[in-house]
Amino acid sequence: LYHISMALSNEDIGAKLSAVAASMRGNNFNDAMKGLEDILSQAESNPNITKFLSSINGMLSECLFALGKPEEAIIPAEKSVKYSEEQGDVEGVADGYFSLYEIYRYISNSEKAAECLSKTIPLLKSVKQDKRAKNYETQLAVVRRGEPLSRIVVNIDGQIFELDQLETQLPDIRSTRISFNFHRNRITNPRARFVFEKGRSLGAEGKHSEAKELFLEARKIDPYDPYFPYEQGLAEMYLKNYSAALSCFQETQRLAPGWFHVVASIKLAELLIAGTVDHDTFQILHVVEDGNLTPPQKVVVCQKILELAKLPIAHLHLGQALQQLRRLDEAKRALEAGLQLTENLDDDVKTRLLFQLATACPDAAEKTQLLNEAIACGGNLTCKAMATVTKIIDARKE
């Protein structure tokens, strides 16, 4: 936008574009809309605007989408593509089609979404963006066969792989970066994300009531994103509203089965409602899960938790901490003990226990069996993916 503003000879239009950009950054999409519409109304009298119509319409589409009007965002997005084509801007055309893909994906029109995404691929290849084109080809295949609500994809040096691709396409990853990322079937509304991040900041400061209100606001703006009820559930737990927390986690599971640790969170909320776990234990568990405790500190804390309640999740964290301290025999016993507590064992924690135990197992056959069990259980999607990759790598070593 800075370059757009500098290129325009009309200082008033340049100032308006800068104001629009500032409004969008500040989550003031209504003000941004008014600014863009004002600029477009002057297009006929100011020919300098013509060459920027692609960008202006793209911004207008983004504003409409953010304001909860995805269907209305389609027309300016299509205009953005048209103007980019007229200017010979190949990357602009590709970006425009990708925006249309995301809009159609959001409104559950997978056929149109696939059509738009398919148009981006040859355009990207023509400008040598081969890695991005390859990632879109992978995503296109998923969209065409029916995209799940959420899944884990494997990112290896910027190249995206689906789990079912790994057996035949997994590259040598000994010297590369690999990450396991959640991938949903639609993007998040940017206005909702802005509100949500404010809520997370307040939650991190211990202001859980204020955070809860912002999570509720984000949910009203974008009812599809599982992260909003997930974080609201955590706030409700801190506020001792355990039944409300359970409802939030159940909604998260409905929107995105297996989202992060939602299965374990559902179980923990049920234990809090039943009185099996008290509030202090919940708070300590959350610090162990997401805090910055050192391995020796985690060992001490988990052992104290287990004196009060026999919880599989405490055995998991104890085993992980003991592994980090290279106390492998003790780690193995702690993890195995966690698997024995079947009454309070949910599939999320079970999957993590099985995978962690596999990483601590020196026997190859036993390790493979544990990895298979983790994959079959699948209660934690990240651990399921990690177990899949580990199993493939181990097989290649044989």
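This report covers two pockets and one small sheet in the structure above. The model is predicted.

**The largest pocket**

The largest pocket holds about 1000 Å³ of space. Its lining counts 45 residues. Nearest the centre lie Tyr230, His261, His286, Glu289 and Asp290. Eight charged residues belong to the lining, beside 23 nonpolar and 14 polar ones.

Which helix gives the most to this lining? Helix 12 does, with seven residues. Helix 12 spans 227-238. Other elements that give two or more residues include helix 10 (190-204), helix 11 (208-221) and helix 14 (262-274). Helix 15 (279-290), helix 17 (312-324), helix 19 (347-359) and helix 21 (381-397) also do so.

**The second largest pocket**

The second largest pocket has a volume of about 570 Å³. It is lined by 26 residues, and Gly58, Met59, Glu62, Asp95 and Ser99 are the closest to its centre. Two or more residues each come from helix 4 (53-66), helix 5 (70-86), helix 6 (90-106) and helix 10. Helix 4 gives the most, with seven residues. By class, the lining has nine nonpolar, eleven polar and six charged residues.

Helix 10 appears in the lists for the largest pocket and for the second largest pocket.

The two pockets are set out below.

| Pocket | Volume | Lining | Helix giving the most |
|---|---|---|---|
| Largest pocket | about 1000 Å³ | 45 residues | Helix 12, seven residues |
| Second largest pocket | about 570 Å³ | 26 residues | Helix 4, seven residues |

**The sheet**

Three strands make an open sheet, in the order 2-1-3. The pairing is antiparallel. Strand 2 (159-161) and strand 3 (178-184) are the edge strands. Why is one side of each left without a neighbour in the sheet? Strand 2 and strand 3 each have a single partner strand, so one side of each stays unpaired in the sheet. Neighbouring strands are turned by 35° against each other on average, direction ignored.

Strand 1 covers residues 150-156 and runs antiparallel to strand 3. Seven bridges join strand 1 to strand 3. Ser150 stands opposite Arg184, a residue of strand 3.

A helix packs on this sheet too. Helix 8 (residues 130-145) lies across strand 1, strand 2 and strand 3. Helix 8 runs at about 20° to strand 2.

Key: Residues numbered from 1 in each chain as written. Predicted model: local features only at pLDDT ≥ 70, side-chain atom pairs only at ≥ 80, totals over all residues. Heavy atoms only, no water. 1 Å grid on protein atoms, 1.4 Å probe; cavity = no way out; pocket = protein on both sides within 12 Å on 5 of 7 lines; lining within 4 Å. Points joined across faces, edges and corners; volume = space filled by probe spheres on them. Helix = DSSP H or I, 4+ residues; strand = E, 2+ residues; numbered from the N terminus. Nonpolar A, V, L, I, M, F, W, Y, C, P; charged D, E, K, R; others polar. Pairing = 2+ DSSP bridges. Axes fitted to C-alpha atoms, helices over the stretch in contact; angles between N-to-C directions. Contact = heavy atoms within 4.5 Å.
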